[in-house]
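Hi there,

Here is the structure I promised to pass on to you. Have a look at it first, and then read on for my notes.

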Amino acid sequence: MNARSAAAIVSLVVLCAAGACTNFYEIPIETPIQPKLDVSAFQRILVVGFITGGTEDVDANLETVRLLRSQLRSKSNLRVIEAEVLPLAELAAGQGKSSAGDIPPVPPLPSEGQQASAPQPPPEPQSDAPRIRTEKDLEKYQSIFADVAFWKKIGEEYQNPLIVTGTVLFTPQQTQGFVVRNQEGWDNLGRRTTMPQRVWLERKGFVLSPKFIFIDGRTGATIHSETFREEVLYEARQNTPALSSYFELMDRLVPSFLGSLSMQKIRGIRTLLR
Amino acid sequence: MKLRVLPLIVALAVFSPPAYAGDARADAKSQVEFGIRVAQNGLWKEATYRWEKAVEIDPTYAAAWNNLAIGYEQEGRFEDAQKAYEKALELDPKNLYIRQNFDLFKEINERTKRRSNR
């Protein structure tokens, strides 16, 4: 084989390799996920408030309303109504005592200018707020969601929006038991090793169980509801504030919540072939 | 000499694809390549149309079925995407790129189904 034929073979190999390399192309795609609800009949959305329970370290009603409103503002086409957050648990408790017709006054609709103003201060904690600790406690207040007259009145006040309400239970949890962990060490030859080891661990964290209820503001009827459950556990010595746990757990749920109302896009990479 | 060459001619006639098949693959390939170029520029509808043409011209072209599945995915046509991926894998079961694309698609598809069953 002379130098010329060797060069020809090498260039052929290089050409083939280059050809093989361009046989596939990575491409970003956005897969659209259709919303579960047809909200085309609504231009506005009102996240009105939630019946909340569990830990008192977080005002789950206020935080949930704020979070959902801000997410909806940036990730849905519906106009988000800024209104006072309703203390729904108190209203539900009051409803048990009075007749269905005695609906408490709905806070007035703010003007366009007011809507851009700073967020409202949290409402003063009220001593007569019901104590809700468990799912069972929540059940007592569920009847408010079926009160068509109540929701219809709220709908009328706010020009028939889609109303978002529901329940949020944010409870602390504590567990202890054996957990398998990898223990790092060094063997006789000085190499780093990892050995699985069972260790007794005390952990604490939170469980977040929200139920989102979507109500047609024109009729007061429930059109959709969705229940979630997320939990997080940390080592007992790790001092994680309740509010950051709440946001950590809500972050996991928010995409599903938004997916009920608007088309979501899942980004990914695929390989196109020649 | 003639006798020695005869089996070779017969074997070529039997095992080589017909001339029109080669043309079909070449035509389909040009559609696939055009589809890739336009998809890279974000023109997914045109790309999907080209890949549909490609599989119509040459239904045995696994890469075209793979690309078509991706085009359907981008359009949110999950059932069509599933069928196209299955066809691509049926034609080229050992192709890791197709398998990986299909696995990623299945993950999204199952998540969507779980969501709608909730």
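H3(B) and H4(B) cross in a left-handed way. This comes from a predicted model, so please read everything below in that light. Helix H3 of chain B covers residues 44-57 and helix H4 of chain B covers residues 62-75; the angle between them is about 145°, and their axes lie 9 Å apart. On the H3(B) side, the contact is made by Trp44(B), Lys45(B), Thr48(B), Trp51(B), Glu52(B), Ala54(B) and Val55(B). H4(B) answers with a list that includes Ala64(B), Trp65(B), Leu68(B), Ile70(B), Tyr72(B) and Glu75(B). Sorted by class, this helix pair brings together nine nonpolar, four polar and three charged residues.

Next, the interface. How much area do chain A and chain B bury between them? The figure is about 2,300 Å², with 62% of it on carbon and sulfur atoms. On the chain A side, the greatest losses of area to chain B fall on Arg270(A), Leu273(A) and Arg274(A), which together make up 30% of what that side buries. In residues, chain A puts 25 into the contact and chain B puts in 32.

If you are after specific interactions, there are two salt bridges between chain A and chain B. In one salt bridge, the side chain of Arg274(A) meets that of Glu33(B), at 2.9 Å from N to O. So Arg274(A) turns up twice: in this salt bridge and among the residues of chain A that lose the most area to chain B. Six residue pairs are in polar contact between the two chains, counting pairs with both residues at pLDDT 80 or more.

Which elements of chain A give two or more residues to the side that touches chain B? They are strand E1 (24-33), strand E6 (222-227), helix H7 (242-261) and strand E8 (264-273). E1(A) gives the most, with nine residues. By class, this side of chain A holds 13 nonpolar, seven polar and five charged residues.

Over all chains, the salt bridges come to 24. One within chain A joins the side chains of Arg252(A) and Glu230(A), again with 2.9 Å from N to O. Arg252(A) sits in helix H7 of chain A and Glu230(A) in strand E7 (residues 230-235), so this pair links parts that are 22 residues apart in sequence.

Lastly, a backbone detail for you to check. Gln159(A) is not a glycine, yet its phi is positive, at about 60°. Asn160(A), also not a glycine, has a positive phi of about 55°. Gln159(A) is in the loop between helix H6 (148-157) and strand E4 (162-186) of chain A, and Asn160(A) has its place in the loop between H6 and E4 too.

Best wishes

Notes
Residues are numbered from 1 along each chain as its sequence is written. Chains are lettered from A and ligands numbered from 1 in the order in which they are written. This is a predicted model: local features need pLDDT of at least 70, side-chain atom pairs count only at pLDDT 80 or more; totals for chains, interfaces and linings use all residues. Side-chain values use heavy atoms; hydrogens and water are left out. Contact means heavy atoms within 4.5 Å. Buried area is the accessible area (1.4 Å probe) that two parts lose on being put together, summed over both. A salt bridge is a side-chain nitrogen of Lys or Arg within 4 Å of a carboxyl oxygen of Asp or Glu. A polar contact is a pair of N or O atoms within 3.5 Å; within protein, one must be able to donate a hydrogen and the other to accept it, and residues adjacent in sequence count only if both atoms are side-chain atoms. Helices (H or I, at least four residues) and strands (E, at least two) are DSSP runs, numbered from the N terminus. Ala, Val, Leu, Ile, Met, Phe, Trp, Tyr, Cys and Pro count as nonpolar, Asp, Glu, Lys and Arg as charged, and the others, Gly among them, as polar. Axes are lines fitted to C-alpha atoms, for helices over the stretch in contact, and angles run from 0 to 180 degrees between N-to-C directions. A crossing is left-handed if the near helix is turned anticlockwise from the far one by less than a right angle, and right-handed if clockwise.
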